[in-house]
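Here are a few exercises to work through with the model open beside you. Give each one a try before you read its solution.

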Amino acid sequence: MDTAAVGGFPPRNGRNGLVLKALQLLAAAVFAGWLMIWIVMPTNTYRNGWSLRIRAETDSTYFGRQGTNILINTFPILFISVLGCLYLHLVKRSGTSQSSVHRLTAWKRSVAVNWPLGIVSGVELTFCLMFLVLLIWFYSTFLVANFSQLHQTDDGVKLWQARLDMAAVWLGIVGDLCCAFLFFPVARGSSLLPLLGLTSESSIRYHVWLGHITMAVFSAHGVCYIVYWAVTDQIDMMVKWDNTGTAYVAGEIALLAGLAMWAMTLPRIRRKMFELFFYTHQLYIVFLFFYLMHVGISHFCMILPGVYLFMVDRYLRFLQSKTKVRLVSARLLPSESIELNFAKSPGLAFEPLSVVFINVPGVSSLQWHPFTVSSSSNLEPERLSVIIKKEGSWTQKLYRTLSSPVPQDRLEVSVEGPYGPVSKNFLRYDSLILVSGGSGITPFISIIRELIHQRTTLNRPTPAVLLVCAFKTAADLTMLDLLLPVSGNISDLSGLELRIEAFVTREESSTDEAQTNIRTIWFKPLPSDVPIAPVLGPNGWLWLAAIVSSSFVAFLLLIGVLQRYYIYPIDHNTNQIYSYAARSVLNLLFICICIMAAASAAVLWNKKGNLKEARQIQNIDAPTPTTSPSSWFYNADRELESVPQESLVKATKVHFGGRPPLKKMLLEFDGSNVGVMASGPGGLRHEVAVICSSGLADNLHFQSISFSW
């Protein structure tokens with residue numbers, strides 16, 4: 001029986017396929033067991049039976065009570081992460097990433113397009129409802145099981161007050177459950193996301209949803225306790241920090257840090273004052289540290305897997321960001337867009353729709369901004385390109401720097417990534433309809449360049465492509481020039497079935513501005529500037545598995561020695577003598593040391609190979625072009641200068657003074673298996689999603705593309 005692999009990979013036969021299948025089943029079984037622990041945790045069966053037996057078996061002199069939570073809460077997810085790394089390495093080594101039509105394709109269609117959550121697929125809606133059901137089950141089961149046992153109270157506390165206290169406690173546990181998932185979507189380099197067929201860019205929305213739920217639950221947890229302390233004349237508990245109990249002050253600090261981050265995520269603030277949102281979000285460090293101080297390391301192990309993988313990913317990103325990369329050229333468009341072209345290692349392979357994070361110290365030494373990669377690692381093995389539209393203050397300053405009359409010999413840049421999908425899902429369709437608005441064309445440039453490679457270099461069949469792009473002004477049409485790479489290494493486009501319908505919505509005809517030449521700047525990097533390379537080398541997934549597993553084993557050894565020979569002689573596993581805060585800080589210190597040591601060793605080992613490869617990559621200088629291909633759209637008599645440019649001109653039709661008739665174009669598109677991708681303003685993506693989910697065309701498979709520019 002053929003089985004589609006996790007993440008949309010095709011079925012495989014033979015020994016490799018059996019290994020992949022075994023890894024999938026093992027990972028699924030371990031995750032099911034981990035999730036089952038959360039499901040049964042509020043029941044009396046678990047708390048009065050299973051939990052006591054597990055603790056009795058795992059409460060050793062080396063790990064104490066913390067060992068139990070490490071075993072049932074932390075270890076399973078880290079084990080799945082390592083399995084995922086092995087799985088992805090085998091998939092990459094097999095050399096086949098083209099996916100077959102997944103059995104859940106129908107579930108991936110948009111089923112809700114008018115929700116506050118945005119465009120939601122059937123899979124997303126199903127899992128959202130399942131997670132909400134889990135939260136409701138988790139909380140209600142505990143209340144039902146425990147409220148019935150509260151018949152009388154001591155110390156003058158009324159029954160409703162005791163119930164309020166208990167309800168507040170378990171609101172905190174519900175918050176722990178949310179936090180257990182909160183950091184998975186933001187661990188960009190983790191194996192968990194690609195194992196599920198997700199990308200870090202598309203998963204941010206899940207982090208946002210979880211963040212809202214987490215802060216709502218923790219806020220209710222804090223308010224309930226303030227009310228409880230007020231009505232029981234214990235308001236002084238707000239300034240209490242027990243040596244071996246709950247540190248209420250730490251919890252309040254964590255809550256305040258979380259509320260500050262939560263407030264800055266409001267769409268109006270985040271969009272108009274991104275810098276404020278960005279800097280405020282760094283309070284996650286404060287939030288996590290005082291969260292740890294509030295509950296202690298033993299309890300913190302419940303959410304440690306996500307935090308641990310995030311720390312590994314964050315430190316690897318930090319190491320990569322310390323390298324200054326080689327910026328080869330920049331193309332300045334009349335539409336006030338910029339294409340930056342970096343040198344990259346031929347060993348760095350990425351798929352279309354990937355994202356890189358860029359820091360330009362000359363603009364801001366602290367800010368990192370994500371941009372969708374517009375190049376194809378197959379078509380341009382030594383180049384990586386991104387397109388940046390002048391919009392916010394950061395991009396405006398960058399554009400002014402590059403467009404200055406004083407020529408720039410070099411621009412210092414650091415890069416994190418790229419991060420993206422691990423398969424070319426768009427190749428599974430017979431036809432592709434790409435709908436973009438403005439700079440939303442950026443992710444489709446990488447797709448079209450990859451299709452050019454598949455067709456012209458590998459001579460493989462490719463989907464027929466209809467690119468529908470809407471621009472405000474004729475000057476924005478120069479974005480179409482970027483469909484061809486600056487390297488100019490394409491000999492023929494005639495084999496690619498490509499049709500471009502470009503719509504200029506705010507002008508009735510072409511203007512002189514639209515024919516302005518593209519300006520290309522060629523830089524002279526320093527010898528110390530290196531091509532963008534994979535931080536963990538060509539076998540990155542294996543190295544990541546080694547980092548996660550070795551650092552965690554080292555952490556277990558260190559805390560085992562600490563517990564057995566330092567804490568146990570003092571505390572004797574009573575948890576009533578040795579300070580919770582001191583124990584938590586020591587554990588945190590060991591986690592940081594182990595991750596830093598393992599990751600640094602792996603990066604340094606691979607850096608030797610990257611530097612050797614960098615010496616073999618030479619800068620390619622070329623003269624600045626004197627003409628812009630976009631001007632050909634308005635001058636049919638102009639002599640065409642190359643075959644690819646001629647093919648691109650013939651494939652393009654420009655319409656002025658109106659919006660694209662999307663419904664007519666989509667519903668009349670011929671094909672039994674048509675992929676529809678939309679990128680750009682939310683209104684455009686919403687319109688396309690409504691058409692595709694209307695049921696009028698069952699052959700249309702819609703995907704909303706997240707892009708960064």
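Buried residues, meaning those under 20% relative accessible area (1.4 Å probe, protein chains only), make up 54% of the 709 residues in the chain. This is a predicted model, where local features need pLDDT of at least 70, side-chain atom pairs count only at pLDDT 80 or more, and totals for chains, interfaces and linings use all residues. Numbering runs from 1 along each chain as its sequence is written, and side-chain values use heavy atoms, with hydrogens and water left out.

**Exercise 1.** Work out where Thr68 sits and whether it is buried or exposed.

Solution. Start with the helices, which are DSSP runs of H or I with at least four residues, numbered from the N terminus. Thr68 belongs to helix α3, residues 66-94. Next, look at its accessibility: Thr68 counts as buried because its relative accessibility is 2%. Finally, list its contacts (heavy atoms within 4.5 Å): leaving aside residues up to four places away in sequence, Thr68 touches Ile54, Arg55 and Thr58.

**Exercise 2.** Compare the surroundings of Leu353 and Asn459, two non-glycine residues with positive phi.

Solution. Take Leu353 to begin with: phi is near 80°, and the residue is in the loop between β4 (337-343) and β5 (355-359). Strands here are DSSP runs of E, at least two residues. With a relative accessible area of 19%, Leu353 is buried. Now Asn459: phi is about 55°, in the loop between α15 (442-457) and β10 (464-471). Asn459 is exposed (over 50%), at 58% relative accessible area.
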